[in-house]
Amino acid sequence: MQVRASRIAQNSTVNEETKADKLEDDCMSSFKLTSYVLNVEIMPDEKIEQRINLKFLVKLGKSATESFNLLTEVYGDSVLSRPRVFEWHKRFREGREEVEDNQRVVRPCSSKTNDNISKINEIVRKDRRLSIRMIAEMVNIDKETVRQILHDELNMTKICAKMVPKNLTLEQKDGRRQICVDILEQMENERDLLKKVITCDETWIFQYDPETKRQSMHWKTSASPKLKKARMSKSKLKAMLIVFFDIKGVIMTKWVPQGQTVNQHYYLQVLTTLRERVRRKRPELWENDSWFLHQDNAPAHSALSVKRFLAKNRTPVLQHPPYSPDLAPCDFWLFPKLKSALKGTHFGSVEVVKTKATEVLKALQEKDFQHCFNQWKIRMERCVKHGGEYIEGKKC
């Protein structure tokens, strides 16, 4: 520490007036006697050490610029910033003796009163969409106090509304719950029921489908540039895919021709083809007519002609509650899995994306489909537990 102070004294200019030179010589000669100040217990901090040396330079009559240059020569990159040196130079020149920071007195929060807590509670319960700034203006207190009252005193957090397919009525919730109860009871009575169910649905496959925000997440260091992506939209070129599968795997896929609407007449043709595929791929189900068809309530599925066709061929249909994609294996498992593999890729044509989609479906293993059907049962149990509410995001 003495060496650093000596270097500062040695680098001081010699062109001062006679009185200043005499003061410098006297200070330098007595520096060893006063250097005990650098060795007291509170001095290990280099910031404090620099302030002591700065105070020494002020007593030598050095200007703020000269003091900063001398400190820079001694301390290099770890020197105090120029504004801090000038600030403390002014303080020492005005007679300050202490080199430590002033103790900060924390003011008690006078706005967090029971009256304000009650007011904020009443305001928020009337309009839960108000921002912290708006509440602070209404109560006339600072925003940080409002935030503390909301979080710490009222235990409130602001969240976004969950997107659901439909705001269900009490009757619709009860209908969802009852259908799940009936299917679960049927599963309880017939242990291998899930092995006999063939489920189906339709979906659009796009030539280009932008990747989701979560898919675009990536690992980076603090020095890595932030990845950017342009806002994109789905392509207009698309094709509709119909998929039938059971607990063992895909039984049939059908690409709907361009311009063709999936109405009851076209769906009857699809069901006719399905029966032939079941006969070839699932002979154990075909021989006893023991398989069940599970489908949603789309107009083509619930048409009278379709119901007559299924009844004529002794194909029982497993009920599906309306507005319930969370209980449809295609919607909560197969289609998201398929589209996730296609998102973010620009395919050259619709035929190319069809080929890729077919490859993704063929790559799925039997254990994947078994997991899907097990999750289907768990979802129905959770639906019953929560009284028919949508179960996406709910904990078991």
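**A mixed sheet and its helices**

Strand β1 is largely enclosed by the rest of the structure, because 9 of its 10 residues are buried. Buried here means under 20% relative accessible area. The model is a predicted one. Start from β1 and work outwards.

First, the overall setting. The chain holds 17 helices and 5 strands. It has 396 residues, and 40% of them are buried. Take the contacts between residues at least 6 apart in sequence: 70% of these join residues at least 24 apart.

Now the sheet. Strands of a sheet pair through backbone hydrogen bonds, either parallel or antiparallel. Here 5 strands form an open sheet, and the pairing is mixed. The order across the sheet is β3-β2-β1-β4-β5. β3 and β5 (317–318) stand at the edges, each with a single partner strand, so one side of each lacks a neighbour in the sheet.

Take one side of β1. Strand β1 covers residues 197–206 and runs antiparallel to β2, with 8 bridges joining the two. Two residue pairs help to locate this pairing in the model. F206 of β1 has K238 in β2 as its bridge partner. D201 has V243 as its partner in β2.

Strand β2 spans residues 238–245 and is mostly covered, with 7 of its 8 residues buried. It also pairs with β3 (residues 250–256), in the antiparallel sense, over 6 bridges. V243 appears again here: its bridge partner in β3 is T253. So V243 can be followed in both directions, to D201 and to T253. β2 and β3 form a hairpin with 4 residues between them. In the turn, G249 has a positive phi of about 155°.

Go back to β1 and turn to β4. Strand β4 (residues 292–294) runs parallel to β1, and 3 bridges join them. I198 has L293 in β4 as its bridge partner. V197 stands opposite F292, also in β4. A helix lies over this part of the sheet. Helix α15 (residues 329–342) lies across β1, β2 and β4. It runs at about 40° to β1.

Two loops that lead into strands carry a backbone feature worth checking. D289 sits in the loop between α12 (283–288) and β4. Its phi is near 50°, a positive value in a residue other than glycine. D289 counts as partly exposed because its relative accessible area is 23%. R314 is in the loop between α14 (304–312) and β5. R314 is not a glycine either, yet it has a positive phi of about 50°. R314 is exposed, with a relative accessible area of 61%.

Next, the helix pairs. Two packed helices are described by the angle between their axes and the distance between the axes. Begin with α4 (residues 46–59) and α5 (residues 64–75). Their axes come within 10 Å and cross at roughly 140°. That makes α4 oblique to α5. The cut-off matters here, because only angles over 145 degrees count as roughly antiparallel. The crossing of α4 and α5 is right-handed. On the α4 side, the contact uses E46, E49, Q50, N53, L54 and L57. These meet S67, L70, L71 and Y75 in α5. By class, this contact has 5 nonpolar, 3 polar and 2 charged residues.

The second pair is α7 (residues 114–126) and α9. Their axes come within 10 Å and cross at roughly 80°. α7 and α9 are therefore roughly perpendicular to each other. N116, I117, I120 and V124 in α7 meet V146, I149, L150 and E153 in α9. The residues of this contact divide into 6 nonpolar, 1 polar and 1 charged.

One residue of α9 deserves a last look. T145 lies in helix α9, which spans residues 143–153. Is T145 buried or exposed? T145 counts as buried, because its relative accessibility is 4%. T145 can also be placed against I117, which is 28 residues away in sequence. In space the two are 10.0 Å apart, C-alpha to C-alpha. I117 is also one of the α7 residues that meet α9.

Methods. Residues numbered from 1 in each chain as written. Predicted model: local features only at pLDDT ≥ 70, side-chain atom pairs only at ≥ 80, totals over all residues. Heavy atoms only, no water. Axes fitted to C-alpha atoms, helices over the stretch in contact; angles between N-to-C directions. Parallel < 35°, antiparallel > 145°, perpendicular 65-115°, else oblique. Left-handed = near helix turned anticlockwise from the far one by under 90°. Contact = heavy atoms within 4.5 Å. Nonpolar A, V, L, I, M, F, W, Y, C, P; charged D, E, K, R; others polar. Buried < 20%, exposed > 50% of the residue type's maximum accessible area, 1.4 Å probe, protein only. Pairing = 2+ DSSP bridges.
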